[in-house]
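Work through the exercises below with the sequence and the coordinates open. Try each task before reading its solution.

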Amino acid sequence: MLSQDVTIVNSMGLHARPATFFVQNAHKYKSTIWVESGDRKVNAKSLLGVLSLGIAKGMTVTLIADGYDEDEALAGLSELVDSGLGEQSDN
């Protein structure tokens with residue numbers, strides 16, 4: 001099991017469109033993947049779970065992957081978050 005902290009950089013946080021993009025990408029991996037924020041941990045492959053965290057711009061969350069391709073999963077999803085989840089960031 002591996003984990004990595006990432007900071008949300010896109011201006012609206014993980015609202016419906018970027019959350020959907022994130023979940024779709026999480027489904028590309030065989031590993032079990034979670035998103036942890038505060039004391040809550042949800043399945044990264046569940047759109048409702050991810051949206052329920054209410055993740056806003058600037059928040060740091062922990063990505064956790066466990067399984068066959070956990071290295072690839074963390075690297076790919078971290079890069080996706082760092083790139084702004086397909087949206088412009090307001091740096």
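The model is predicted.

**Exercise 1. Classify isoleucine 55 as buried or exposed, then place it and list its contacts.**

Step 1. Take the accessibility. Isoleucine 55 has a relative accessible area of 4%. The cut-off for buried is under 20%. Isoleucine 55 is therefore buried.

Step 2. Place the residue. Isoleucine 55 belongs to the loop between α2 and β4.

Step 3. Collect the contacts, skipping residues up to four places away in sequence. Isoleucine 55 touches Ile8, Gly13, Leu14, Val35 and Val61.

Step 4. Compute one distance. From isoleucine 55 to aspartate 39 the C-alpha separation is 13 Å, with their positions 16 residues apart in sequence.

**Exercise 2. Find what surrounds the acidic side chain of aspartate 69.**

Step 1. Locate it. Aspartate 69 sits in the loop that joins β4 (60-66) to α3 (70-82).

Step 2. Look for a salt bridge. Aspartate 69 is buried but has none. The nearest side chain of opposite charge belongs to lysine 30, 6.8 Å away. A salt bridge needs the nitrogen within 4 Å of a carboxyl oxygen, so this pair does not count.

Step 3. Look at the backbone instead. The aspartate 69 side chain reaches the backbone nitrogen of lysine 30 at 3.0 Å.

Step 4. List contacts beyond four places in sequence. For aspartate 69 they are Tyr29, Lys30 and Ser31.

**Exercise 3. Which class of exposure does lysine 45 fall into, and what does it contact?**

Step 1. Place it. Lysine 45 is in the loop between β3 (40-43) and α2 (47-52).

Step 2. Classify it. Relative accessibility is 21%, so lysine 45 counts as partly exposed.

Step 3. List the contacts, leaving out neighbours within four places in sequence. Lysine 45 meets Val23, Ala26, His27, Tyr29, Lys30, Ser31 and Ile33.

Step 4. Check a pair of C-alpha atoms. Lysine 45 and threonine 20 are 25 residues apart along the chain, and 9.3 Å separates them.

**Exercise 4. Describe asparagine 10 and its side-chain polar contact.**

Step 1. Asparagine 10 lies in the loop running between β1 (2-7) and α1 (16-26).

Step 2. Its relative accessible area is 0%, so asparagine 10 is buried.

Step 3. A polar atom of the asparagine 10 side chain lies 2.8 Å from the backbone oxygen of glycine 13.

**Exercise 5. Characterise glutamate 87.**

Step 1. Glutamate 87 is in the segment after α3.

Step 2. At 16% relative accessibility, glutamate 87 is classed as buried.

Step 3. Beyond four places in sequence, glutamate 87 contacts Asn10, His15, Arg17 and Pro18. Asn10 is the residue from the previous exercise, in the loop between β1 and α1.

Step 4. Glutamate 87 and leucine 48 are 39 residues apart along the chain, with C-alpha atoms separated by 20 Å.

**Exercise 6. Is alanine 75 buried, partly exposed or exposed?**

Step 1. Alanine 75 is part of helix α3.

Step 2. Its relative accessible area is 47%, so alanine 75 is partly exposed.

Step 3. Its C-alpha atom is 9.0 Å from that of glutamine 4, 71 residues apart along the chain.

**Exercise 7. How many aromatic pairs are there, and which charged end sits over a ring?**

Step 1. Search the whole structure for aromatic pairs. The result is zero.

Step 2. Turn to charges over rings. The charged end of lysine 41 sits over the ring of tryptophan 34. The distance to the ring centre is 4.7 Å.

How values were computed. Residues numbered from 1 in each chain as written. Predicted model: local features only at pLDDT ≥ 70, side-chain atom pairs only at ≥ 80, totals over all residues. Heavy atoms only, no water. Phe/Tyr/Trp six-rings, centres within 6.5 Å; stacked < 30°, edge-to-face > 60°. Lys NZ or Arg CZ within 6 Å of the ring centre and 35° of its normal. Helix = DSSP H or I, 4+ residues; strand = E, 2+ residues; numbered from the N terminus. Buried < 20%, exposed > 50% of the residue type's maximum accessible area, 1.4 Å probe, protein only. Lys, Arg positive; Asp, Glu negative; His and termini not counted. Polar contact = N/O pair within 3.5 Å; in protein donor to acceptor, adjacent residues only side chain to side chain. Contact = heavy atoms within 4.5 Å.
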